[in-house]
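Visitor: I'd like a close look at a single part of this protein. Could you pick one helix and walk me through what surrounds it?

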Amino acid sequence: MTILYAFPPTRSNRAQWALEELGLTYENRIVNLEKGEQNACEYLSRHPLGVVPVLETDHYRMFESVAIIMQMIDENPDSGLAPEAGSPERALYYQWCVYAPAELDCRLMEYFDNKNRPLYAMSQRAGSTTSKQQSRGNTSSVYEPKP
Ligand SMILES: N[C@@H](CCC(=O)N[C@@H](CS)C(=O)NCC(=O)O)C(=O)O
């Protein structure tokens, strides 16, 4: 059985989109980030950083949303969702697959940081802020040029 550990609307939606697009059978198991379920020991044994998504199949367990998408597409080569391995088109497929998490995500999170950040808004609704959220609350200094 395939299980996707997820919580919408987060990066887990990407992985779920791929599973749906491929028409795969899976169980969507909610890890309620608002309730801090990602920090429970049981979940941390699946992902040591306590984030979603995680994918579990009968043969392996993996994390990283875009890696999950790429693996799902590789396991379903007839889907036509990825160009042939080794082709020039495949180069651009890899380029954009890596660009999203490597370049786009951190800038988007920076944009959403603090009051605009989805997790921050969730924690405010839930009336709590975990230390992990606080520690990730302001990453802007990481990207500022050093004097
Ligand atoms: N690079 C990872 C990022 C995973 C990630 O940061 N997930 C966030 C939601 S978008 C999360 O679970 N956060 C929970 C927390 O920070 O407590 C991926 O793309 O899978």
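Guide: Happy to. Before we start, keep in mind that this is a predicted model. Gln16 is found in helix α1, so let's make that helix our part and begin with this residue. Is Gln16 buried or exposed? Gln16 is buried: it has 20 other C-beta atoms within 10 Å, and 20 is the number at which a residue starts to count as buried. Leave out residues up to four places away in sequence, and Gln16 touches Leu4, Ala6 and Asn28. Pro53 is 37 residues away from Gln16 along the chain, yet the two C-alpha atoms are 9.0 Å apart in space.

Now go one place back, to Ala15. Ala15 and Val52 are the residues with the most contacts inside the largest nonpolar core, which has 16 residues. Two or more residues of this core come from each of β1 (3-6), α1, β3 and α3. If you set aside neighbours within four places in sequence, Ala15 is in contact with Leu4, Pro53, Leu55, Ser65, Ile68 and Ile69. Leu4 is thus a contact of Ala15 and is also touched by Gln16.

Three of those contacts, Ser65, Ile68 and Ile69, bring us to helix α3. What are the buried residues of α3? In this helix, which covers residues 65-75, they are Ser65, Ile68, Ile69 and Met72. Looking down the axis of α3, you find these buried residues within an arc of 100°, so they line one face of the helix. The general rule behind such a pattern is that an α-helix has 3.6 residues a turn, so residues three or four places apart point the same way. The buried residues of α3 pack against our helix α1 (12-21), and also against β3 (54-56) and β4 (61-63).

Just ahead of α3 sits Glu64, in the loop between β4 and α3. Glu64 is not a glycine, yet its phi is positive, at about 85°. With 17 other C-beta atoms within 10 Å, Glu64 is partly exposed.

The loops on the other side of our picture are worth a look too. Pro9 is in the loop between β1 and α1, and the peptide bond that joins Pro8 and Pro9 is cis, with omega about -5°. Pro53, the contact of Ala15, lies in the loop between α2 (41-44) and β3. There you get another cis peptide bond, from Val52 to Pro53, with omega near 5°.

Val52 also takes us to the ligand. Which residues are the closest to the ligand? They are Thr10, Arg11, Val51, Val52 and Ser65, out of 14 residues that surround it. By type, the shell around the ligand divides into seven nonpolar, four polar and three charged residues. Both domain 1 (3-79) and domain 2 (88-139) give residues to this shell, so the ligand lies between them.

To put the helix back into the whole: the protein chain has seven helices and four strands, and from the N terminus on the elements run β-α-β-α-β-β-α-α-α-α-α. Buried residues make up 15% of the 147 residues in the chain, and Gln16 is one that is buried.

Definitions and conventions:
Residues are numbered from 1 along each chain as its sequence is written. This is a predicted model: local features need pLDDT of at least 70, side-chain atom pairs count only at pLDDT 80 or more; totals for chains, interfaces and linings use all residues. A residue is buried if 20 or more other C-beta atoms lie within 10 Å of its own, exposed if 12 or fewer, and partly exposed in between; C-beta atoms are placed from the backbone. The arc is that of the directions from the helix axis to the C-beta atoms. Two residues are in contact if their C-beta atoms, placed from the backbone, lie within 7 Å. A nonpolar core is a set of buried Ala, Val, Leu, Ile, Met, Phe, Trp, Tyr and Cys residues joined through C-beta atoms within 7 Å. A residue is near a molecule or strand if its C-beta atom, placed from the backbone, lies within 6 Å of it. Ala, Val, Leu, Ile, Met, Phe, Trp, Tyr, Cys and Pro count as nonpolar, Asp, Glu, Lys and Arg as charged, and the others, Gly among them, as polar. Domain bounds come from an automatic or database domain assignment.
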